[in-house]
Amino acid sequence: MVAMESLPAPAHRHPLHVAPDDIDFMGHVNNAVYLNWVQDAVVAYWRKVAPSEAVAHHLWVALKHEITYRRPAFLEDDIIATVVARRVEGARAFFSTMIKRGEEVLAEVESTWCALDTATQRPRRIAKDLAERFLHRD
């Protein structure tokens with residue numbers, strides 16, 4: 001199996017909102033919230049690059065997240081998640097997400113996702129044309 005890769009890959013910028021419920025007992029965004037942010041950003045990226053028919057026939061589930069926390073986020077922060085698709089292999093897609101406040105890196109996330117068929121909820125190979133949209137989109 002040959003993995004499709006592109007360097008440099010296009011990026012999707014996804015604004016994030018810090019809600020009062022995101023703040024933990026230490027006064028900053030709880031680490032678990034970052035997982036929701038990554039999910040929201042990756043799914044938004046998919047919806048942006050994929051045709052509506054493909055969106056209707058694919059579900060995405062996270063298989064793995066590796067998060068490196070750099071700095072805390074706080075209520076009222078303007079935060080952007082920048083998602084880059086690194087490669088696609090079969091039903092799996094590999095993403096890097098950088099979460100920043102201005103130029104400050106708050107967290108770096110490497111994640112692996114699996115595409116599922118909406119009808120069967122079984123892994124579904126990502127067609128070459130869809131992979132190209134992730135990896136070579138202008």
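This short presentation describes the fold of one protein and then two of its residues, Arg133 and His28.

Good morning, colleagues. Please bear in mind throughout that the structure before you is a predicted model.

I shall begin with the overall architecture. The protein contains three helices and six strands. Reading from the N terminus, the order of elements is β-β-α-α-β-β-β-β-α. The radius of gyration is 15 Å, close to the 14 Å that the globule rule gives for 138 residues, so the protein is as compact as a globular protein of that length. As for its extent, the C-alpha trace spans about 45 × 30 × 25 Å along the principal axes.

How much of the protein is buried? Of its 138 residues, 44% fall into that class. The contacts tell us about the chain as well. Among contacts with a sequence separation of 6 or more, 71% join residues that are 24 or more positions apart.

Turning to the surface, the accessible area amounts to about 8,000 Å², and carbon and sulfur atoms account for 50% of it. With regard to charge, there are 17 positive and 19 negative charges in the protein, and their mean positions lie 7 Å apart.

I now come to the first residue, Arg133. This arginine belongs to helix H3, which covers residues 128-136. Is Arg133 buried, partly exposed or exposed? Its relative accessible area is 36%, above the 20% limit for buried residues and short of the 50% beyond which a residue is exposed, so Arg133 is partly exposed.

Which residues does Arg133 touch, if those up to four places away in sequence are not counted? They are Val49, Ala50 and Pro51. For Val49 we can be more specific: a polar atom of the Arg133 side chain lies 3.0 Å from the backbone oxygen of Val49. A further pair to note is Arg133 and Val83, which are 50 residues apart in sequence and 14 Å apart in space, C-alpha to C-alpha.

The second residue is His28. Its place is the loop that runs between strand S2, residues 11-16, and helix H1, residues 31-49. Here the relative accessibility is 16%, and because the limit for burial is 20%, His28 counts as buried. What surrounds His28, leaving aside its neighbours within four places in sequence? This histidine is in contact with Asp22 and Ile23, and also with Pro72, Ala73 and Phe74.

To close, I would set the two residues side by side: Arg133 in helix H3 is partly exposed, whereas His28, in a loop, is buried. Thank you for your attention.

Methods. Residues are numbered from 1 along each chain as its sequence is written. This is a predicted model: local features need pLDDT of at least 70, side-chain atom pairs count only at pLDDT 80 or more; totals for chains, interfaces and linings use all residues. Side-chain values use heavy atoms; hydrogens and water are left out. Helices (H or I, at least four residues) and strands (E, at least two) are DSSP runs, numbered from the N terminus. The radius of gyration is taken over C-alpha atoms; the globule rule is 2.2 Å times the number of residues to the power 0.38. Buried means under 20% relative accessible area, exposed over 50%, partly exposed in between (1.4 Å probe, protein chains only). Contact means heavy atoms within 4.5 Å. Accessible areas come from the Shrake-Rupley method with a 1.4 Å probe; for residues, only the protein chains shown count as cover. Lys and Arg count as positive and Asp and Glu as negative; His and the chain ends are not counted. The place of a charge is taken as NZ of Lys, CZ of Arg, CG of Asp or CD of Glu. A polar contact is a pair of N or O atoms within 3.5 Å; within protein, one must be able to donate a hydrogen and the other to accept it, and residues adjacent in sequence count only if both atoms are side-chain atoms.
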